[in-house]
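Colleague: I would like a close look at a single part of this model. Please choose one spot, tell me what surrounds it, and then work outwards to the rest of the chain.

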Amino acid sequence: MGTESRIFDKSFSATTASLASAQYYFVKSTAPNLCSLATGSSFMAAAVVGVLQNDPGASQPATVRMLGISNLEVDGSSTAILYGDLLVCSTAGTGIKASANLQYACARAMEATTETHIIEAFIAPFSIWSTAE
């Protein structure tokens, strides 16, 4: 894990579901100032707003990194993640390598991995990045 660099963090409240085991996972906003685990294999399904920075219980304060360098739980076990790869949200809320050109990527990997663990990533969930070279 590398260093973090906050550009924009926002305070939310976790929904009635606990996020205690979701630190450094992608989250979505479910209502004004409420967030929950993002669980979708597409940008529209996941509606990612950022990466959870703490581990709040149900209805507890949640800090979400909406832009900047952050730790991110990723799954590189099926498809290796290389430095610079674009990352999208998996159905589990972790980062996975983007597979299609012009996918709505949520982050860019700043470390490589072939495992499921935490890496450093640049978080920018409202961007359209091309996977084409």
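**A close look at Leu86 and its strand**

Modeller: Let's start with Leu86, which is buried, with a relative accessible area of 6%. Buried here means under 20% relative accessible area, exposed means over 50%, and partly exposed is in between (1.4 Å probe, protein chains only). Before we go on, please keep in mind that this is a predicted model, in which local features need pLDDT of at least 70 and side-chain atom pairs count only at pLDDT 80 or more, while totals for chains, interfaces and linings use all residues. Residues are numbered from 1 along each chain as its sequence is written, and side-chain values use heavy atoms, with hydrogens and water left out.

Leu86 belongs to strand β6; helices (H or I, at least four residues) and strands (E, at least two) are DSSP runs, numbered from the N terminus. Both faces of β6 are covered: Leu86 and Val88 are buried on one side, and Leu87 and Cys89 are buried on the other. In general, the side chains of a regular strand alternate between the two faces of the sheet.

Now for the partners of β6, where two strands pair if DSSP finds at least two bridges between them. β6 and β8 run antiparallel and are joined by two bridges, with Leu86 standing opposite Arg108 in β8. Leu86 and Ala105 are 19 residues apart in sequence, yet their C-alpha atoms are 5.9 Å apart in space. β6 also pairs with β7 (residues 95-97) in the antiparallel sense, over three bridges, and here Cys89 stands opposite Gly95. β6 and β7 make a hairpin with five residues between them, and Gly93 in that turn has a positive phi of about 90 degrees.

Just before Leu86 comes a charged residue worth a look: Asp85, in the loop between β5 and β6. Asp85 forms a salt bridge with Lys97, the closest N and O atoms being 3.5 Å apart; a salt bridge is a side-chain nitrogen of Lys or Arg within 4 Å of a carboxyl oxygen of Asp or Glu. The pair links distant parts of the chain, with Asp85 in that loop and Lys97 in strand β7, twelve residues apart. Asp85 is buried at 13% relative accessible area, whereas Lys97 is partly exposed at 30%.

Leu87, the next residue along from Leu86, takes us into the largest nonpolar core. A nonpolar core is a set of buried Ala, Val, Leu, Ile, Met, Phe, Trp, Tyr and Cys residues joined through side-chain atoms within 4.5 Å. This one has 16 residues, and Leu87 is among those that touch the most other members, together with Phe26, Leu72 and Ala107. Two or more residues each come from β4 (48-52), β5 (61-75), β6 (86-89), β8 (107-109) and β9 (116-123). The most come from β9, which gives three. Leu72 shows how these pieces meet: leaving aside neighbours within four places in sequence, its contacts (heavy atoms within 4.5 Å) include Val51, Leu87, Ala107 and Ile119. Apart from this core lies another, of twelve residues, including Ala14, Leu19, Tyr25 and Cys35.

Moving outwards, a search of the whole structure finds two salt bridges. Besides the one at Asp85, Asp9 forms a salt bridge with Arg65, with the closest N and O atoms 2.5 Å apart. That pair also links distant parts of the chain, from strand β1 (residues 5-14) to strand β5, 56 residues apart. Asp9 is partly exposed at 24% relative accessible area, while Arg65 is buried at 5%.

Another turn to compare with the first lies between β2 (residues 26-31) and β3 (residues 34-37), which pair in the antiparallel sense over four bridges. Ala31 stands opposite Leu34 there. Two residues separate these strands in a hairpin, and Asn33 in the turn has a positive phi of about 65 degrees.

Finally, the overall picture. The chain has one helix and nine strands, in the order β-β-β-α-β-β-β-β-β-β along the sequence. Of its 133 residues, 44% are buried. Among contacts with a separation of 6 or more, 59% are between residues 24 or more positions apart.
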